[in-house]
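Please open the model in your viewer and keep the selection tool at hand. The stops below go from one selection to the next, with a short account of what is found at each.

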Amino acid sequence: MRGTLGGPRVLLRRLREVMAEPIHAQERLDKIVVLIAANMVAEVCSVYVLRVDAVLELYATEGLKADAVHRTVMRVNEGLVGYVAREARPLALSDAQGHPEFAYRPETGEEIYNSFLGVPILRAGDTLGVLVVQNRAHRTYTDEEIEALQTTSMVLAEMIASGELTALAPPGAEPAVRRPLHLNGVALADGLGLGHVVLHEPRVTVTNVIADDVPHETARLDAAIHKLRHSIDMLLEEDGLGSPGEHREILEAYRMFAHDRGWLQKMREAVLSGLTAEGAVERVQSDTRARMMRASDPYLRERLHDLDDLANRLLRALMGRDKVMERAELPENAIIVARNMSPAALLDYDRTRVRGLVLEEGGTTSHVTIVARALGLAAVGQVDNATSLADSGDPVIVDGQAGEVHLRPPGDVEAAYAEKVRFRARRQAQYAALRTRPSVTKDGTHIKLLLNAGLLVDLPHMDETGAAGIGLFRTELQFMIASAFPRISEQLNLYRAVLDAAGERPVTFRTLDIGGDKVLPYMRAVEEENPALGWRAIRLGLDRPGLLRSQVRALLRAGAGRELRLMFPMVATTAEFDAGRAILERELTHLRKHGHALPERVFVGAMLEVPSLLFQLDEILTRVDFLSVGSNDLMQFLFAADRSNVRVSDRFDPLLPTALRAFRMVAEAGERHNKPITLCGELASRPLEAIALAALGYRLLSVSPASLGPIKSTLLELDVAAARRVLMPLLDDNSGKVNIRAALRSFAQAEGLPL
Ligand code: PEP
Ligand code: MG
């Protein structure tokens with residue numbers, strides 16, 4: 001350790017003594033900079049602390065002018081210190097003034113120092129400040145010296161993170177340990193959640209970084225690494241019994257990292273420099289994070305998670321599982337922050353206390369998203385580094401409408417959101433008041449409002465919203481959130497529970513709609529070029545009749561003694577419907593033969609989601625008891641626009657005459673054949689679209705639970721005949737210039753309809 005007096009070990013020991021002294025924070029900092037300067041044989045040692053207002057403030061110095069302390073401030077885009085903070089990487093220069101980022105600060109007397117070594121003060125990869133040493137001579141700092149200063153900076157990180165320096169600052173200029181962050185993501189589930197962070201997999205926090213006994217710490221580190229490798233080998237062995245898949249790949253990656261010489265070497269060196277084994281793990285991980293968090297390469301970010309996870313395992317091995325793993329009591333308003341999670345894990349939380357969900361991954365069609373929506377949680381996904389930036393207990397706001405997260409929000413933001421929440425609550429109360437009002441328009445048209453559902457947690461929504469029944473029960477959700485195929489008895493239990501909850505109200509079960517965007521983790525995925533157009537829904541059901549048959553059997557048994565409604569998804573030809581129906585008949589015969597009680601009546605329908613069915617309406621309507629229009633898929637196929645690809649999914653307005661003419665065809669055919677037509681896609685959940693559908697003759701709309709109140713409040717004020725007078729001429733306008741959305745909006749405004 002050339003150039004340093006006694007090396008970092010001696011320094012760390014001295015620093016520990018200073019940390020233990022019962023003195024004022026400023027005095028402690030002043031002593032620390034003196035010690036570091038002496039140890040590093042530097043004329044200057046300064047500590048800059050990053051403030052909540054994104055400004056770096058000089059907190060202590062040895063060597064620069066003393067009255068610059070707490071007076072010199074700079075932005076993170078200013079000067080060499082700002083550069084180090086921004087890059088979160090050490091910077092060593094023998095000719096500092098020749099560096100393009102050098103900024104001259106006369107009040108510090110800095111101009112006479114030629115060499116500069118700055119290291120970021122990092123905590124969990126987050127920059128808390130910058131530690132600098134300077135020399136008058138043109139000195140070339142060695143790698144060992146840079147390392148030593150980085151190790152030393154951990155003590156400062158601990159001091160800043162502990163909040164000890166906060167008392168030295170006026171309000172609004174405190175150290176940025178917990179600065180407000182505004183994070184952007186993707187809106188997954190509508191709603192606003194205000195509460196406190198609960199990290200799904202809590203990070204281990206290291207508090208004791210300076211070693212008493214270096215050989216002892218080395219032995220601890222080695223033992224922990226040995227244990228870690230062993231536990232990964234065990235996991236791989238256990239996993240070997242199951243199927244190869246993503247899980248195994250992750251474990252293989254863990255094993256590779258756990259044997260990575262570079263990683264281990266860095267941790268060993270950190271211990272040799274005087275850190276505890278925990279301190280060494282944290283120090284190396286903090287560095288790695290700081291570097292990788294700035295990477296835009298998704299592959300690298302993914303690896304960061306693996307490394308984080310490994311580091312956490314190592315820390316647990318070092319600190320004893322029980323100290324770390326016990327999950328604190330869930331706060332009153334919990335916002336769960338996770339990299340990703342399974343639906344089952346989300347359902348494990350006490351749902352009366354959870355208000356929101358923030359995920360680093362997660363897409364609009366992920367299963368956890370589906371569950372979050374069913375639970376009425378505000379959810380935002382694709383929030384980069386959320387688990388690194390948030391700490392358990394931090395105040396946080398999840399805006400599930402805008403897809404934004406406010407971490408540790410400033411008072412004004414919090415107040416604004418609290419007002420929004422109150423506003424929403426008032427609106428909810430207004431909708432709740434409509435619960436028992438019959439859904440009849442101003443001009444006396446009855447429009448039944450039903451719910452889209454799929455999980456047990458959806459059932460209470462029926463009573464809460466006053467829905468007339470369930471228009472679409474997506475049976476695949478039970479399969480999607482399970483870890484293996486649900487047994488027939490489990491299916492039967494769910495269907496019974498649904499029918500029991502509905503009582504007299506009708507429930508339409510849709511048979512399994514798997515494939516496309518609906519993936520089962522435990523079912524071997526078939527590689528398909530175009531999964532949306534692939535082997536899915538009824539196609540899969542007919543090719544794997546065992547699956548469909550057992551589901552139909554469970555449905556028939558659940559419906560014993562009552563009316564049962566079921567429909568097949570993605571029917572493209574009448575032959576497919578006939579084949580589905582044949583399976584149903586076979587099951588009925590089978591159950592009858594074995595003396596099982598049967599449903600009083602079975603209504604069988606088809607979903608209209610594939611445009612081909614638009615041109616066989618008469619044929620299909622003579623076969624079915626009812627049709628249900630799945631506008632999500634119908635629009636996807638009509639406009640050839642992938643519904644899960646945000647680039648194209650909103651490219652085509654479903655209020656274009658093209659789409660509305662298709663909906664009109666279906667409504668008119670339904671009237672001709674005197675067969676009920678339901679619309680169960682998301683379309684019906686939007687007020688303007690619902691007005692259009694009512695005008696086209698739709699009398700059964702199945703909507704998401706959160707939309708039922710708003711749609712009802714619109715329909716109650718609607719004059720259907722008047723809407724029809726506006727809409728119909730536009731539908732047949734061939735000028736190519738009509739804007740139905742605009743026309744309906746003006747109509748709604750003129751009529752005073754709540755939208
Ligand atoms: C639809 O496609 O409109 C529909 C209701 O089914 P899902 O959204 O489940 O595909
Ligand atoms: Mg569909």
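Is Arg408 buried or exposed? Select Arg408 to begin: with a relative accessible area of 8% it is buried, where buried means under 20% relative accessible area, exposed over 50% and partly exposed in between, using a 1.4 Å probe and protein chains only. Arg408 belongs to the loop between strand 14 (404–407) and helix 14, helices being DSSP runs of H or I with at least four residues and strands runs of E with at least two, numbered from the N terminus. The phi angle of Arg408 is near 50°, a positive value in a residue other than glycine.

Before moving on, note that this is a predicted model, in which local features need pLDDT of at least 70 and side-chain atom pairs count only at pLDDT 80 or more, while totals for chains, interfaces and linings use all residues. Residues are numbered from 1 along each chain as its sequence is written, chains are lettered from A and ligands numbered from 1 in the order in which they are written, and side-chain values use heavy atoms, with hydrogens and water left out.

**The whole chain**

Zoom out to the protein chain, whose C-alpha atoms fill a box of roughly 95 × 60 × 45 Å along the principal axes. The chain contains 28 helices and 22 strands, and 53% of its 755 residues count as buried. Among its contacts with a separation of 6 or more, 68% are between residues 24 or more positions apart, a contact meaning heavy atoms within 4.5 Å. If you display the surface, the accessible area comes to about 32800 Å², 51% of it belonging to carbon and sulfur atoms; the areas come from the Shrake-Rupley method with a 1.4 Å probe.

**A second positive phi**

Next, select Ala88, in the loop between helix 3 (79–87) and strand 4 (91–93). Its phi is near 55°, again a positive value in a residue other than glycine, and at 5% relative accessibility Ala88 counts as buried.

**The magnesium ion**

Now centre on ligand 2, the magnesium ion, whose protein donors are Glu609 (OE) and Asp633 (OD), 1.9 to 2.0 Å from the ion. The pair links distant parts of the chain, 24 residues apart, with Glu609 in the loop between strand 19 (601–608) and helix 21 (617–623) and Asp633 in helix 22 (residues 631–638). Donors here are N, O and S atoms within 2.8 Å of the metal (3.2 Å for Na, K and Ca), and water is not among the atoms, so sites may look incomplete. Glu609 counts as buried at 3% relative accessibility, and Asp633 counts as buried at 2%.

From here, select Ser649 in helix 23 (residues 646–649), a residue that is partly exposed with a relative accessible area of 24%. Not counting residues up to four places away in sequence, Ser649 touches Asp642 and Arg643. The C-alpha atoms of Ser649 and Asn632 are separated by 9.8 Å, with their positions 17 residues apart along the chain.

**Helices 26 and 27**

Select residues 705–716 to show helix 26, which has 12 residues and reaches 17 Å from its first C-alpha to its last, close to the 16 Å expected at 1.5 Å a residue; the expected span is 1.5 Å times one less than the number of residues. Helix 26 is mostly covered, with 9 of its 12 residues buried. Those buried residues pack against helix 14 (411–433), strand 15 (448–453), helix 15 (460–465), helix 25 (687–696) and strand 22 (700–703).

Continue to helix 27 (residues 720–731), whose end C-alpha atoms are 16 Å apart, in agreement with the 16 Å that its 12 residues should span. Its buried residues are Val720, Ala722, Ala723, Leu727, Met728 and Leu731, and what covers them includes helix 24 (657–673), helix 25 and helix 28 (740–751).

**Two last selections**

Thr436, in the loop between helix 14 and strand 15, is exposed, with a relative accessible area of 64%. A distance drawn between the C-alpha atoms of Thr436 and Glu464, 28 residues apart along the chain, should read 9.9 Å.

Finish at Leu188 in strand 8 (residues 186–189), which counts as buried at 4% relative accessibility. Outside the four nearest places in sequence, Leu188 touches residues including Leu359, Thr369, Arg373 and Val380. Asp618 is 430 residues from Leu188 in sequence, and 39 Å from it in space, C-alpha to C-alpha.
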